[in-house]
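Could you walk me through this structure while I have it open in my viewer? I would like to know what to select at each stop and what I will find there.

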Amino acid sequence: MEAETLIDDLRRMLPVGTVNATPAVLRTYARDATALWSGRPDAVVTPTSPIEVESVVRIARRHRAPVVARGAGSSLSAAAVPVHGGIVLSFTGMDAILDIDPVEQVAVVQPGVTTQALDAAAARHGLMYPPDPGSRHVSTLGGNIACGAGGLRGGKYGTTRNYVLGLRAVDGTGTTIVTGSRVEKDVAGYDLTRLLVGSEGTLALITEAVLRLVPRPEATQYGVASFSTVEAAASAAAAVRSTGRPATLELLDHVCVRVIEAHTPAGLDTEAAAVLIFGDDGTEAEAHDRTQAIARTLRSCTDVRSVSIAATDEQAQEILAARRCSLPALARLGPTTLLEDITVPVSRLAEAVKAIQSVAQTHQVTIGVFGHAGDGNLHPTIVFDERDPQQTDRARSAMAAIFAIPARWGGSLTGEHGVGAAKLSYLRATTDDATWALMNRVKAAFDPDNILNPGKLGSA
Amino acid sequence: MAAVADGTLPIDDPTVVEQAGYCLGCRACEPACPAGVPYGDLLERWRADVWEATGSPVRIRLLRWAVKRSRLITIGGRLRGAARRTGTVPTGTDVLFLGCVERLLYPGVSRAVTRLVPDISVAEDGRCCGVLHSHNGSPSEGRAMAGSIPLPPRDGVIVSTAGGCATHLAQVRGADSVQELSTYLLSRWQPAEGAHVVAPRNRGRRARAGFQDSCHASHILGNGSAARRLIGLVADFVEVPDAASCCGAAGSYAILRPHDAREVLAVKLSHLSRLDLDYLVTVNPGCTRHLAAELRRTGASTRVIHLAEFLALASPAVPHSRT
């Protein structure tokens with residue numbers, strides 16, 4: 001059998017314990033965190049060095065077998081699902097922080113380091129790694145780079161692509177390529193670094209990254225405001241953005257607020273139609289003044305019910321924890337969640353939220369809306385039971401309707417989760433033929449035999 | 001589990017069998033899960049299905065058989081000198097439940113409880129609460145066993161000195177009827193004026209004491225602060241890093257998988273060696289046994305002791321001696 005000779009070859013070339021093909025393990029690696037998607041991998045490999053990654057790709061190329069890179073498997077776009085089988089290459093065995101330079105303010109890491117581990121290591125030098133996706137305690141930096149992860153501080157600090165200075169990566173021929181450098185000012189050659197950020201393992205497998213760190217703010221303050229309509233909350237977020245770029249400006253609709261309060265009570269207003277969590281960082285005085293200024297802006301907005309600022313650090317942490325648990329807490333409403341990731345211009349937030357609510361009504365599905373209002377990035381989450389075919393059909397059609405929303409105002413169908421397998425057909429539908437063909441040619445240049453994460457970007 | 005449920009993997013798949021036994025069942029995942037997945041219940045049923053198909057390990061079958069010998073346990077407890085109903089007539093309505101393992105291995109624990117709370121009655125009846133059955137492939141039998149434990153009259157509560165038993169009983173009989181010792185003592189006991197536990201190696205100095213949580217008491221019942229406060233009343237309390245994570249004893253886990261149990265404890269042992277405690281206080285006999293054995297092996301001088309016995313050391317009425 002083909003799979004067996006592939007596994008034999010991998011075992012011959014890689015250290016003992018690196019290759020696993022037991023049925024239960026293959027089953028575990030068949031999925032990522034995306035509902036409704038699964039594949040059938042032939043083998044799972046866990047290399048511990050860039051040379052081993054090269055070996056895996058070379059062997060795979062000989063066998064024309066797909067290689068799907070995987071970090072923590074927390075992808076929400078089915079980017080880590082081996083839709084055409086083959087090898088799942090897990091980077092969990094390459095998790096060393098190779099260097100943190102407090103003068104240059106850069107970190108050099110292997111791809112399997114978790115986002116939180118890097119930020120914690122940076123904190124010891126008074127530095128911070130700003131991207132903080134909801135899954136940061138498990139998500140890996142390789143995965144963050146591959147999908148262009150964002151987080152709760154995106155409005156002020158941007159997303160992963162603002163922090164990658166250089167990469168080492170293995171292309172589809174099993175050859176290591178080097179992009180960018182250690183320095184920020186660098187226009188030598190094409191910006192291949194930026195091209196690899198968000199390429200979802202379809203162009204090359206990242207084996208090392210140079211990341212930019214920033215000085216860690218001395219203090220952060222947080223507050224909460226509640227509103228009697230969701231549109232009012234969204235408009236208020238736009239009003240805040242017109243006065244600056246706060247670090248945190250998060251929206252939670254009443255569906256989310258209620259499930260969160262049932263799980264980790266943080267004193268959120270369960271009678272409100274929506275809640276905004278806001279805050280900013282800087283020196284002690286800056287954090288205080290900026291957060292007070294946001295509160296003043298919010299108090300002057302229409303349909304505001306209450307605005308308060310966390311009095312203690314514990315209160316602030318409770319508020320943040322509440323926001324962070326919104327997705328898992330929504331899972332209490334139903335066993336399956338389909339989480340979307342649309343981005344619209346901040347000035348269109350209110351209209352977008354309204355459009356999502358009408359989708360929920362038309363398709364008779366439960367949708368909880370939370371997201372990063374500060375950068376127009378919303379996560380409408382459809383909650384249903386995938387064992388019920390009718391519910392699943394309604395969920396799928398609601399999802400398609402949500403994808404159509406951002407195009408109205410020049411937005412994007414994914415802000416930080418990536419396209420993966422889940423959004424590929426929707427991306428095709430909103431991309432012109434010339435651009436689509438160019439993406440396929442770029443893919444072919446990196447990966448002539450289409451073995452890197454096939455069935456995703458560049459090969460559909 | 002999902003793969004077995006949907007038929008992708010057979011119930012006797014080697015990895016499935018291995019993983020059903022490998023999990024400690026500490027249930028730390030339950031309070032952490034915002035989606036409210038009842039993992040403990042899923043694990044119990046999964047383990048039962050797997051072992052039904054492949055046969056339970058011999059040690060587990062022996063254990064399940066042994067804890068049902070209630071008359072022998074009753075007699076054994078008496079021979080070992082566990083607390084008895086005799087002596088001063090209890091006036092309270094609360095009943096101390098003597099766990100089957102504890103009364104045989106650590107009879108001093110129940111005696112210490114009756115010293116701390118003289119009006120508590122003692123249920124000498126050697127019936128097991130069924131927690132070992134529940135965790136080891138017979139959840140329905142385990143529930144039935146807990147259901148057959150007589151409840152105290154009127155508004156009394158069953159008091160258990162074992163975190164595992166207390167949690168199991170509370171889950172089957174209702175949290176209003178059952179209390180784990182630490183929360184019970186917090187409202188019922190206070191040290192005598194000035195009483196404290198002295199350090200064994202340096203008499204006169206207050207002892208330095210740490211605490212190891214019982215997984216189920218802390219994750220499911222939410223207990224933990226009570227024991228820490230009680231210890232702090234009579235000694236210098238030292239928080240042990242990762243005290244709330246499992247020590248590896250995990251009920252019968254240390255008996256069934258001694259190697260894995262030691263590996264789980266290894267990290268904790270390195271913390272403990274740095275802390276140089278006089279006492280490490282526990283609220284579950286499995287933890288006491290595992291921690292004491294492993295600390296002895298490493299030559300540490302820290303003494304592992306149950307909360308009841310530890311607090312009894314502080315009582316001026318009791319001479320400072322090993323129970």
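Start by selecting chain B of this predicted model and turning on contacts. Among contacts between residues at least 6 apart in sequence, 73% join residues at least 24 apart. Keep the whole chain in view for a moment: its secondary structure comes to 18 helices and 10 strands. The C-alpha trace spans about 65 × 45 × 40 Å along its principal axes. For 323 residues, a compact globule would have a radius of gyration near 20 Å, and chain B agrees because its value is 20 Å.

Now show the surface of chain B. About 14,300 Å² is exposed, and carbon and sulfur atoms supply 54% of that area. Of the 323 residues in the chain, 52% are buried. If you colour by charge, you are looking at 37 positive and 29 negative charges, whose mean positions lie 8 Å apart.

**Next stop: a helix in chain B**

Select residues 163-173 of chain B, which form helix α11. Is this helix enclosed or open to the outside? It is largely enclosed by the rest of the structure, because 8 of its 11 residues are buried. The buried ones are Gly163(B), Gly164(B), Cys165(B), Ala166(B), Thr167(B), His168(B), Leu169(B) and Ala170(B).

To see what surrounds them, add the packing partners from chain B. The strands to select are β1 (95-97), β3 (158-160) and β4 (178-180). The helices are α9 (131-135), α10 (139-147) and α13 (215-219). Then step just past the helix to Gly174(B), which follows α11(B) and has a positive phi, near 100°.

**A loop residue in chain B**

Move to Asp242(B), in the loop between β8 (236-237) and α15 (253-256) of chain B. Its phi is positive, about 60°, although Asp242(B) is not a glycine. That is worth a pause, because most residues other than glycine have a negative phi. Asp242(B) is partly exposed, with a relative accessible area of 47%.

**Across to chain A**

Show both chains together and highlight where they meet. The contact takes 10 residues from chain A and 12 residues from chain B. The area buried between the two chains is about 790 Å², with carbon and sulfur atoms giving 62% of it. Which three residues of chain A should you label here? Pick Ala24(A), Arg27(A) and Arg332(A): they supply 56% of the area that chain A buries against chain B, more than any other three residues.

**Inside chain A**

Select Ala78(A), in the loop between β3 (67-70) and β4 (87-90) of chain A. Ala78(A) also has a positive phi of about 60° without being a glycine. At 0% relative accessibility, Ala78(A) counts as buried.

Go on to Gly418(A), in the loop between α14 (389-403) and α15 (424-429) of chain A. Gly418(A) is buried too, at 6% relative accessible area. Leaving aside neighbours within four places in sequence, its contacts are Ser77(A), Cys147(A), Glu200(A), Asp341(A) and Lys423(A). Try a distance label from Gly418(A) to Ser199(A): their C-alpha atoms are separated by 8.7 Å, although the two are 219 residues apart along the chain.

Finish at Thr392(A), in helix α14 of chain A. Thr392(A) is buried, with a relative accessible area of 7%. Not counting residues up to four places away in sequence, Thr392(A) touches Leu36(A), Phe384(A), Asp385(A) and Glu386(A).

Terms used. Residues are numbered from 1 along each chain as its sequence is written. Chains are lettered from A and ligands numbered from 1 in the order in which they are written. This is a predicted model: local features need pLDDT of at least 70, side-chain atom pairs count only at pLDDT 80 or more; totals for chains, interfaces and linings use all residues. Side-chain values use heavy atoms; hydrogens and water are left out. Helices (H or I, at least four residues) and strands (E, at least two) are DSSP runs, numbered from the N terminus. The radius of gyration is taken over C-alpha atoms; the globule rule is 2.2 Å times the number of residues to the power 0.38. Buried means under 20% relative accessible area, exposed over 50%, partly exposed in between (1.4 Å probe, protein chains only). Contact means heavy atoms within 4.5 Å. Accessible areas come from the Shrake-Rupley method with a 1.4 Å probe; for residues, only the protein chains shown count as cover. Lys and Arg count as positive and Asp and Glu as negative; His and the chain ends are not counted. The place of a charge is taken as NZ of Lys, CZ of Arg, CG of Asp or CD of Glu. Buried area is the accessible area (1.4 Å probe) that two parts lose on being put together, summed over both.
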